[in-house]
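Student: I have a structure open and would like to talk through its pockets and a helix packing. Could you take me through them?

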Amino acid sequence: MIPSIVRSALFVPATRPERIPKALATGADAVIVDLEDAVAENLKRDARDHLDAFLTGDSVARVLVRINAPGHAEQAEDLKVCAAHPGVIGLLLPKVESAAQVAVAAACGKPVWPIIESARGLAALAEIAVAKGVERLSFGALDLGLDLGLTSGSAAAERMLDQARYALLLHSRLASLAPPLDSVFPDFKNLHGLAQMVADARDMGFGGLLCIHPSQVAVVHETLMPSADELAWAERVLAAGASGDGVFVVDGQMVDAPVLGRARHLLQRAGQAAA
């Protein structure tokens, strides 16, 4: 079962099966075994065989799998292996551009996380979000930026990508999905830059981030963890709200239902981090 709160989802290439247990030991909320971008074309079958062997030999491990994209020759076999193993608890579907493509992946009985990576995918986001089997959304900033002709890393490109982020947040909410995950931060040695990106994603309403290196997991969790002041405020709000009054005052500010909801969300997020 996928955790209800996913802050970090860590990729590990299926060509390196010895790294899967190490990834599971990082404390990441989810581990994604990658059969797609991290695997060269001539190694696709070997990668899938490695995943199959790992899951056959470890009945406890629970992973998600990024399968190959719609239209790829290996996707059907990817889905067969994923369907055969209870250790696969979800699928990341890359380069998705329609609800019909989601249906193909969802037919194996696993929750699907579509990754929006093209203009067509972004344009079809409304139908993709409500497709049967979809649990949460994410996007690939590098692929989407390339398809849109953006200059990677520029402030102008980020302004455009923020519009994609807004679309993911909007359609996640409309479809009652779990909070979306932001794209990867490629410069895995720049932990300060990562923390800034995670803080922005947090303040935008994203649940967390796709990660490409184990060192990123702790930074993501720490940045998403509410501060001591925020938690103390949340506890005061909920304690005052126990009176049952519809509107009341805490720290000189009016508190109503939306503020109570934020307090509960902060404590929930902190509880998940502590666990």
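Tutor: Happy to; we will go through the pockets, then a helix pair, then one residue, bearing in mind that this is a predicted model.

Student: Let's start with the largest pocket: which element gives the most to its lining?

Tutor: The largest pocket holds about 580 Å³ of space. Its lining counts 24 residues, and those nearest the centre are P179, G205, F206, G207 and H265. Two elements, α8 (155-174) and α12 (257-274), give two or more residues to this lining. With five residues, the top contributor is α12.

Student: And how many residues of each class are in the lining of the largest pocket?

Tutor: Recall that 24 residues line this pocket, and that glycine is counted as polar. The split for the largest pocket is then six charged, eight polar and 10 nonpolar residues.

Student: Now the second largest pocket: which element supplies the largest share of its lining?

Tutor: This pocket has a volume of about 470 Å³. It is lined by 23 residues, with E158, L161, R165, F185 and M197 closest to the centre. At least two lining residues come from each of α7 (141-148), α8 and α9 (191-204). The largest share is six residues, and it belongs to α9.

Student: How does the lining of the second largest pocket divide by class?

Tutor: Here, too, the residues fall into three groups. For the second largest pocket the counts are five charged, six polar and 12 nonpolar.

Student: Let's look at the helix pair α9 and α10: what is the orientation of one to the other?

Tutor: The axes of α9 and α10 (residues 215-224) come within 9 Å of each other and cross at roughly 45°. Angles under 35 degrees would count as roughly parallel, and 65 to 115 as roughly perpendicular. The crossing is right-handed. The pair is therefore oblique.

Student: Which residues make that contact, and what classes do they belong to?

Tutor: From α9 come L191, L194, A195, V198, A199 and R202, while α10 brings S215, Q216, V219, V220, T223 and L224. By class, this contact has one charged, three polar and eight nonpolar residues.

Student: Last one: L169 touches which residues, not counting those up to four places away in sequence?

Tutor: L169 sits in helix α8. Its C-alpha is 9.5 Å from that of L181, which is 12 residues away in sequence. With residues up to four places away in sequence left out, the residues L169 touches are P180, M204, G205 and F206.

Note on methods:
Residues are numbered from 1 along each chain as its sequence is written. This is a predicted model: local features need pLDDT of at least 70, side-chain atom pairs count only at pLDDT 80 or more; totals for chains, interfaces and linings use all residues. Side-chain values use heavy atoms; hydrogens and water are left out. On a 1 Å grid over the protein atoms alone, a cavity is a set of points where a 1.4 Å probe fits but cannot get out, and a pocket is an open set with protein on both sides within 12 Å along at least five of seven lines; lining residues have an atom within 4 Å of a point. Grid points are joined across faces, edges and corners, and a volume is the space filled by probe spheres set on the points. Helices (H or I, at least four residues) and strands (E, at least two) are DSSP runs, numbered from the N terminus. Axes are lines fitted to C-alpha atoms, for helices over the stretch in contact, and angles run from 0 to 180 degrees between N-to-C directions. Angles under 35 degrees count as roughly parallel, over 145 as roughly antiparallel, 65 to 115 as roughly perpendicular and the rest as oblique. A crossing is left-handed if the near helix is turned anticlockwise from the far one by less than a right angle, and right-handed if clockwise. Contact means heavy atoms within 4.5 Å.
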